[in-house]
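Trainee: Got a minute to go through this one with me? I'd like to start with the charged side chains and then step back.

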Amino acid sequence: TLSEEHPETAQLVHLGWSVNERPVYGIRISRSVQASRSVRILGAHHGDETSSAEVSLEVARQWLQSPSDAMDAWLQQHEVWIVPHVNPDGIANLDRYNANNVDLNRNYGYQWSEYEFRSGDGPFSEPETRNIRALGTWIPAGLGLSVHSGATNIGWVWNFTEERTQDDELLEAIAARYASHCTTEDFWITNGADWYVTNGDTTDWSYGRYGTLDYTLEVSQHKHPGAAQME
């Protein structure tokens with residue numbers, strides 16, 4: 001509906017399929033045919049984290065239905081890609097994992113580990129992570145958010161090691177600026193591995209492969225607040 005109502009700014013793109021052959025869609029928002037910079041927002045790697053999907057979709061609504069002058073000017077040269085449901089089978093079943101019982105946020109190819117819980121048969125073994133890999137190959141993002149729920153914080157790479165990246169100061173500064181504008185109660189910032197160590201994470205792959213300044217954003221303490229609290 002958003003792409004149909006705003007054809008000059010939004011294009012709906014079919015990225016691929018889930019295990020159970022549900023379509024995975026992305027929406028590109030821009031006023032430029034060849035944008036010079038890209039931002040990518042991914043929701044619902046975990047299907048029981050419904051608020052992550054709703055927040056991601058709400059970003060698309062805001063950019064298209066009520067953009068500020070600054071947002072509109074930004075879209076003249078740049079683009080935003082939003083994938084609200086990375087894991088549509090999980091969303092349908094209100095399940096963290098995909099239909100193969102794989103944790104998609106442990107299935108990416110950078111520092112993947114067979115010892116992670118439900119990390120899959122190998123890196124990018126799942127169609128859903130291959131969809132995002134294809135998008136990353138086609139449109140490498142400069143800045144990214146992998147949206148989750150179950151906590152209220154924003155974290156930056158690395159997740160697989162407590163060693164810091166060469167961009168650590170910049171990553172922390174951007175996270176701090178985000179937090180300064182965030183009205184969510186008890187919101188905080190953290191390096192990913194300082195919170196807890198994981199392998200095969202989306203943001204590690206995105207930064208390690210493409211240099212994307214990519215963040216894990218946790219938007220609510222409740223993974224599935226329900227319709228009454230979602231707004």
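**Charge pairs and overall build**

Mentor: Sure. Glu58 is partly exposed, with 30% relative accessible area. Keep in mind that this is a predicted model.

Trainee: Okay, which residue does Glu58 form a salt bridge with?

Mentor: Arg61, and the closest N and O atoms of that pair are 3.0 Å apart. Arg61 is partly exposed too, at 27% relative accessible area.

Trainee: How are Arg61 and Glu58 placed in helix 2?

Mentor: They are three residues apart there, so about one helical turn separates them.

Trainee: What about Arg164, what does that one pair with?

Mentor: Asp194, with 2.6 Å between the closest N and O atoms of the salt bridge. Arg164 is in the loop between strand 6 (151-156) and helix 6 (168-181), while Asp194 is in helix 7 (residues 192-195), so the bridge ties together parts 30 residues apart in sequence.

Trainee: And how accessible is Asp194?

Mentor: Asp194 has 43% relative accessibility, which makes it partly exposed. Arg164 comes out as partly exposed as well, at 38%. There's also a network: Glu49, Arg96 and Asp103 are joined by salt bridges that share partners.

Trainee: How many salt bridges does the count come to?

Mentor: Eleven. Another pair to look at is Lys223 with Asp48, whose side chains meet at 3.9 Å, N to O. That one links distant parts of the chain, 175 residues apart: Lys223 sits in the loop between strand 8 (213-220) and helix 9 (227-230), and Asp48 in the loop between strand 3 (37-43) and helix 2 (50-65).

Trainee: Is Asp48 buried or exposed?

Mentor: Buried, because its relative accessible area is 16% and the cut-off for buried is under 20%. Its partner Lys223 is partly exposed at 32%.

Trainee: Switching topic: how many helices and strands does the chain have?

Mentor: Nine helices and eight strands. The C-alpha trace spans about 45 × 40 × 40 Å along its principal axes.

Trainee: What radius of gyration does the chain have, against a compact globule?

Mentor: It has 17 Å, and a compact globule of 231 residues would be near 17 Å, so the two agree. Buried residues make up 52% of the chain.

Trainee: And the contacts, what share join residues at least 24 apart?

Mentor: 74%, counting contacts between residues at least 6 apart in sequence.

Trainee: Last one: how far apart are the mean positions of the positive and negative charges?

Mentor: 4 Å, for 15 positive and 33 negative charges.

Notes. Residues numbered from 1 in each chain as written. Predicted model: local features only at pLDDT ≥ 70, side-chain atom pairs only at ≥ 80, totals over all residues. Heavy atoms only, no water. Helix = DSSP H or I, 4+ residues; strand = E, 2+ residues; numbered from the N terminus. Rg over C-alpha atoms; globule rule 2.2 N^0.38 Å. Buried < 20%, exposed > 50% of the residue type's maximum accessible area, 1.4 Å probe, protein only. Contact = heavy atoms within 4.5 Å. Lys, Arg positive; Asp, Glu negative; His and termini not counted. Charge placed at Lys NZ, Arg CZ, Asp CG, Glu CD. Salt bridge = Lys/Arg side-chain N within 4 Å of Asp/Glu carboxyl O.
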